[in-house]
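Morning, everyone. I'd like to take a few minutes on one structure, so have a look at it first and then we'll talk it through.

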Amino acid sequence: MSNNTLKNRRDFLKTLLAGGATGALGSVGQLALMREAMAATPAFSDYKAMVCVFMYGGNDSFNMLIPTGSDSKTGYNAYAESRGDLSVANTALPLGDGYLGRGSLNPYYDGGSDAAAYLKGNYPMLQGNGFDLGVNGVMPELAQLLSQNKASVVANVGNLVERVTRAGIKAEIARLPLFLFAHNHQQRALQTGQGDNLNDVGWAGRIADSWPEINNGSLMGLNISYAGSDRMLIGANSNPLVFSPGSPPEIYDMQNEEWSSHQDRIALYKALTGVSNTSATGDVSFDQSSTFTSSDPFKSLFSSASNRSLNIFELIDKAWNNHDIGYSSKDSYGNELFSVPSSSDLGLSGNIGGRLISQLESVAKMIDMGAKDAFQSGGYKRQIFMVSLGSFDTHSKQETEHPLLLRELSLGLSKFQTAMEELGHANKVTSFTMSDFGRTLGNNGDGTDHAWGAHHLVMGGDGANNAGNLMGGQMLGKLPDVTIDGADDYSHKGRIIPTTAQDQLNASLCRWFGIDDALMPTIFPNLGNFVTSSGDLNSAYLDGLFA
Amino acid sequence: MKNTLAIILSSALILSACSSGTSSSSTAIVDSDNDGVSDSIDNCLNFTNTDQTNSDDDAFGDACDSDDDNDGLSDAEELLIGASPQRSDTDGDGISDLNDELPQDATKALTLKSAHRLLLQTTFGPMLDDISSVQRMGAEAWIDEQLNKPSAYDREADDHLSHLQRLIEIAFQAEPDTNWYESVVFNQQEADFSVDEYQMAVWWENVIGLHPSKTLHGSDQLRQRVAFALSQLLVVSTSEPPLHRRGEGLADYYDMLAKHAFGNYRDLLGEMARSPVMGMYLSHQGNRKANLAKGTTPDENFARELMQLFTIGLYHLNLDGTPDQDGNSSSYPESGDTLTPTYNETDITELSKVMTGWDLAGNDGYGYSWNTQGDYTVPMEFTSSEHEDESDEGGDGLVSLLGTTFALNSGADNSGMDAALDILFNHPNAAPHVSKHLIMRLVTSNPTPAYVGRVSSVFTDNGRGTRGDLKAVVEAILLDTEARTEAGLEFGKVKEPVIAMAQLFRLMGAVPLDGWISQDDVTQVFGVYWFKSPSEDLGQAALRSPSVFNFYQSDYVPSNSYFASRGLVSPEMKILTDQTLLTFNNLVFLATETYEKNKITGVNEETLADFAAENSYSRKMALLTNTDEAIALITDAAGGDLENLEKYNVSERPYKIAATNAVINYYNALMLGGEMEDTFRAALYEYLMKSAGTNYNNNNFKEAQQMAKDTIRMIATSSAYMVQK
């Protein structure tokens, strides 16, 4: 499909969405037209999923991945000088075989102090591959994943409209993203996939809009969030499913197929949300004339949401309960794969919340159900998930709070990867991190403030680095100058100017996911700003992210 | 609505009847209309009105006056609505005809619909008593009464306890063996997680407002509602340790919001900035001046969010809340969509210097922040030695904020805090920023710019030269024509789930379940509402948002073509996810069934004491609702005997029909202000009529209870209930 055709289709859609057609056609007619306009859903034969791990608050990735080299600008000394008391030691910690359970040596343990463990040292796992970057001591599983080629690092990624330099910023000629350093707007811009657009729908939402027939038109759609209803997965005409982790809830008093009173209530509920319905027992039946549809936009918004909620849980509850997964793999402590280790297991004084772990456990099950078509759509091929971990806004108490967050991130990623391997989906699933922004290299006494560029992680594949799969064990991008007031400092607090756009990273993932070249500019409109070879969109992708 | 009609009609009358009388220029006595009254003294030059009657004593006699009684309604319109053209208050109820929706009914000023709507905007849910008060008093008088209602903050020692006082009372009752005052500060050494849950219990008590003995608690519904709205602007949350263990701090913070709800926003900002809870939440507690040897500079957290979220926002606004693009906030509208940032990185670093030197009172060492340190119920203390003076960097001790320079040690406390707050409070943006937030929380998601502008101008000046008068702002919001006249399609909002739940508790007369078992597994607790972590099921709970950006952002556009194409927002839909819609539905079930008195005692035949003893602090909720009124109405409709509901020898089922209508009518009035649409009623009626008899094991009391329960549940989970117009 040419760009032009695509553009025309988008314009047509916009006209439709402008409301002119809504009244005349009704939602069903509108949907039909929409599908005609966008009848471009590719016929995928394989299953693939992307999993976004969003770290809300702005992860301090400079203490997650520590520069270990000797360069005076990008190396360890420059980092330690900028970070002061918050710098992680340049001490190589022994990783061993990755087992951390009873009888093993805990490499980061330091008297049970979270702060001491956090600053104790790092795993220079990538040095063998030529990258001077060490993994924080509290993330042994991440180090293991990197050394086994099941994860890679993308250095100094951030929200960009185009490449900018310190000189350009000082001269006030650089095109900067809107409202840098403000949490909500940076999250938003990363999720719209456009640093200069806070108002558009999300990039994953645009994919869902572009593939209306995905998964055989299943009610499940393309996008599922365990991270709340955030912009990334929201489309102009597609709405992510938003769940809480764990077994899906069952609705009280309105689900038992054998009880006519339950069936009657469901029928009434549907009649009151505008869906004509008849109870299975036939006790009550509502024809179109006695169903309640409101012309009020708020009421119809709420009705369609509550009707979908009922239907989706009807679908999922059955499938979920019939789909048992008993993992034989254990986690790094030798415990049940998705269990949450206690603080004594961890050798820390604080607890990890376990929220990310439980979300990833649910995603793992959803992926298995999707890949095996437990929802019986007859063709379940693509899914995008969003999970999150919060509290990364470590302005204070960073040395006691950040280690717990990194610990959970490391465990969560590793548990999820292990699950994907055991279930046979490792090469079908790519996970990646996002966060509001990075944090200042300078410290404020007991924490760090809002900044910009940050290192991010991509995880997946089976470690064999076979063609088409994630190429693990590497660092893409460029390590920044980490000196305060240095060449990559936005001003004078060590807010690092990114050298790779999050859009580039995400577009590279989406290309693997099956977005074709024609659709890509719709998903990432600014991607063309990052080409290194004029007019060649291919040069904007992160080469080598996938083998 | 009436105003517009009145103007149209009256101008028509003036044109036809009172055209110029100056056409004649004769010097003789002129009597143009020949009514015996000379033009020079005739109050109607072209109308024969010998008696010169002039009801309102204005320049025009009744004969040529389009509004005889000068009540703002034209004579023609008064005749249309059945009011007297000659009396400004036809029914003599103290409400002028203009403001009286029922001008011929001396017992009522407002219709049920209007009264109900006002209560949705001003309380945590309409009750029948309140509806009739509002109907009788009219909107203005009722709001005025609420604005001047006594609160917990008038006098220290009375029965109206503050959130903090009541929390301490509950803690002692629920855990009598705990040494709450191990230090002089309540809960300091204890730092118990349960205190956060007691804070939640107090919140519910003040929101539900139906405690059988603490009758004053929650009687100030509007104050509590505005406090909740403010808690979503000046956000703090248990998500930041150790606030999850220092619930007394949360209660005190909420008291601060409630105390200033009708006070001045500047005073509120001053207390908020010095609040230990805010200090801990946005980390200016323990913030220190720069130390070049250690390479540290002040923490920017509070400085940044104070500007972005609490006062001025990211870009310049007109008074009406639209982007200011011509550098004049009082001129609008303007075309284009250029956003001009209000502050830059330098303003942040300068303001971060101001926000140093503050720490918890009674802390063992400056900046300590673990669970058992300090006092969370008194303002933070200022330590000048930790306050930025720019000595390390060789600066002049002056900072510049948004172009205004002041000394870091300015002000009575030498902290520079008030100088900074004054600048932000007086910034033009503060008016629309605060006003629009309150409008969106109380009244409508998409206020017109004109509405925002009208309220902002009251924020700017309450009419007596005072800026930031929240009482005047709240009154302006609620009495605005946009809030009070017929709602258009784009007007209104989806209810916040926790408010929808509170409304349900109120309309079901929820009282504490006496005798549930406390933390210590022994103590029975009496008189305490228990619903400890509502956010699990509702996606929100007071002082428990996931971040300083609240439960939702004000610019949340739902994925819906009507909203998206018009740029309309519906923030509450962000948390009404697939999951919370279902879990809300299940909570409604708990409230209407599991914790409903008639179900427990009448259907399950269990004593309340036994039932309470099965409930412990670990339960999701423990309280007691009732359907008494509905069951009484059903019983009456059934001729006093519920057995009549299903008399099989009476095929027309007249009693069942009457009972079904009675229960629908009752909850229609209470829950929907009588606005249930016909198809909605038809569906509900069909269900209640057909789903009968055997569904209830032929137990007629159960049938009555289930009729009430299903009616409430189906209404409460419907769009008719969940959308506030």
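I'll go through the interface between the chains, then the cysteines.

One thing up front: this is a predicted model, so please keep that in mind throughout.

Okay, the interface. How much area do chain B and chain A bury between them? About 6,700 Å², and 57% of that is on carbon and sulfur atoms. On chain B, the top three contributors are Glu345(B), Asp578(B) and Gln579(B), which supply 11% of the area that chain B buries against chain A, more than any other three residues. In residue terms, the contact takes 80 from chain B and 79 from chain A.

Now the polar side of things. Between chain B and chain A we count 11 salt bridges. One to click on is Asp296(A) with Lys725(B), where the closest N and O atoms are 2.5 Å apart. If you look at polar contacts, there are 34 residue pairs across this interface, both partners at pLDDT 80 or more.

So which elements of chain B give two or more residues to the side that touches chain A? Mostly look for helices on your screen: the list includes H12 (301-311), H13 (345-354), H22 (578-594), H27 (678-690) and H28 (700-716), and strand E5 (493-494) is on it too. The largest share comes from H22(B), with 9 residues. By class, that side of chain B has 32 nonpolar, 29 polar and 19 charged residues.

On to the cysteines. Searching the whole structure, over all chains, turns up 1 disulfide. That's Cys44(B) to Cys64(B), with the sulfurs 2.2 Å apart. The link is left-handed, at -90 degrees about the S-S bond. Both cysteines sit in the loop between H1 (2-17) and H2 (75-81) of chain B, so the bond ties together parts that are 20 residues apart in sequence. Are these two buried or exposed? Cys44(B) is buried at 1% relative accessibility, and Cys64(B) is buried as well, at 7%.

Over in chain A, take Cys52(A) and Cys510(A). Why is there no bond for Cys52(A)? Its closest cysteine sulfur is the one in Cys510(A), and that's 11 Å away, too far for a bond. Turn it round and Cys510(A) likewise has Cys52(A) as its closest, at 11 Å. As for accessibility, Cys52(A) is buried at 0%, and Cys510(A) is buried at 0% too.

That's my tour; happy to go back to any of it.

Note on methods
Residues numbered from 1 in each chain as written. Chains lettered and ligands numbered in written order. Predicted model: local features only at pLDDT ≥ 70, side-chain atom pairs only at ≥ 80, totals over all residues. Heavy atoms only, no water. Contact = heavy atoms within 4.5 Å. Buried area = accessible area lost by both parts, 1.4 Å probe. Salt bridge = Lys/Arg side-chain N within 4 Å of Asp/Glu carboxyl O. Polar contact = N/O pair within 3.5 Å; in protein donor to acceptor, adjacent residues only side chain to side chain. Helix = DSSP H or I, 4+ residues; strand = E, 2+ residues; numbered from the N terminus. Nonpolar A, V, L, I, M, F, W, Y, C, P; charged D, E, K, R; others polar. Disulfide = S-S within 2.5 Å. Buried < 20%, exposed > 50% of the residue type's maximum accessible area, 1.4 Å probe, protein only.
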